[in-house]
Amino acid sequence: MSKTLPKGKIQESAKATLQLSERDNQIFSIAESTQVQGGDNATPYIVLKYFRDTYECFSHWEKDELKAFTDLINDLRKRTWKQVLQTSGKSNKHGLAYTPYDPAKTAEAAKTHLEAVRGQISPDITFFELRVDQNKLRVHGFRARAAFFLVLLDREHRVFPM
């Protein structure tokens, strides 16, 4: 006689384990509402979980560059993902200049880091670049729900070979 697991009890236990407080739902943007869950109307925020400091670290940035990064954070707080995506374009980029790309077309050092992160997450991640300033400063990462997972800093815009 084989024993079967009580499916109902397992589901109840899983639900109880996964329940978060309303505050946690707001913090992690995983509540039921589409806006909070991470649709294009959600407000982006930056997560450093997959940040690769061995490529480039904040310690390499000058004071004014760090201030520009702070400005990026504040700019994202005032936008929705829809507004970020609208900054994309082949020749008409503006503001954050959202630019999706294939990591295979990046400089070798960047490609190594991006592919390592892709290997940890999923092969279908869409990496993209955002402008930190109108000069060379860029950040690279991917989006999951409302979060922008920052993977690489790019002080000299060297992720893309000339």
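Here a residue counts as buried under 20% relative accessible area, as exposed over 50%, and as partly exposed in between. That yardstick matters for the charged pairs discussed below, which come from a predicted model. Asp75, for instance, has a relative accessible area of 24%, so this residue lands in the partly exposed class. Its salt-bridge partner is Arg79, with the closest N and O atoms 2.9 Å apart. Arg79 sits at 19%, and because the buried class covers values under 20%, this arginine counts as buried. The pair therefore joins a buried arginine to a partly exposed aspartate.

Asp75 and Arg79 are just one part of the charge story, as the structure holds eleven salt bridges in total. Another one ties Asp71 to Lys67, and here the closest N and O atoms are 2.6 Å apart. Both of these residues belong to helix H4, which runs over residues 63-77. They are spaced four residues apart, or about one turn of the helix. As for accessibility, Asp71 comes out at 36% and so is partly exposed. Lys67, at 48%, is partly exposed too, since exposed would take a value over 50%.

Things look rather different for Arg138 and Glu129, if burial is anything to go by: Arg138 has a relative accessible area of 7% and is therefore buried, and Glu129, at 5%, is buried as well. These two form a salt bridge whose closest N and O atoms are 3.9 Å apart. With the cut-off for a salt bridge set at 4 Å, that distance still qualifies.

Some of the charged residues don't just pair off. Glu62, Glu65, Lys136, Arg155 and Glu156 are linked together in a network of salt bridges.

Two of the charged residues already named, Arg138 and Arg155, turn up again around Trp61, being among its contacts. This tryptophan is found in the loop that runs between strand E1 (45-47) and H4. Its relative accessibility is 5%, so Trp61 counts as buried. What does Trp61 touch, leaving aside its neighbours within four places in sequence? The list takes in Glu56, Leu66, Phe69, Val132, Leu137, Arg138, Leu153, Asp154 and Arg155. With Glu56 there is also a polar contact, the side chains being joined at 2.7 Å. Leu153, for its part, is 92 residues away from Trp61 in sequence, yet the two C-alpha atoms are 9.5 Å apart in space.

Conventions
Residues numbered from 1 in each chain as written. Predicted model: local features only at pLDDT ≥ 70, side-chain atom pairs only at ≥ 80, totals over all residues. Heavy atoms only, no water. Salt bridge = Lys/Arg side-chain N within 4 Å of Asp/Glu carboxyl O. Helix = DSSP H or I, 4+ residues; strand = E, 2+ residues; numbered from the N terminus. Buried < 20%, exposed > 50% of the residue type's maximum accessible area, 1.4 Å probe, protein only. Contact = heavy atoms within 4.5 Å. Polar contact = N/O pair within 3.5 Å; in protein donor to acceptor, adjacent residues only side chain to side chain.
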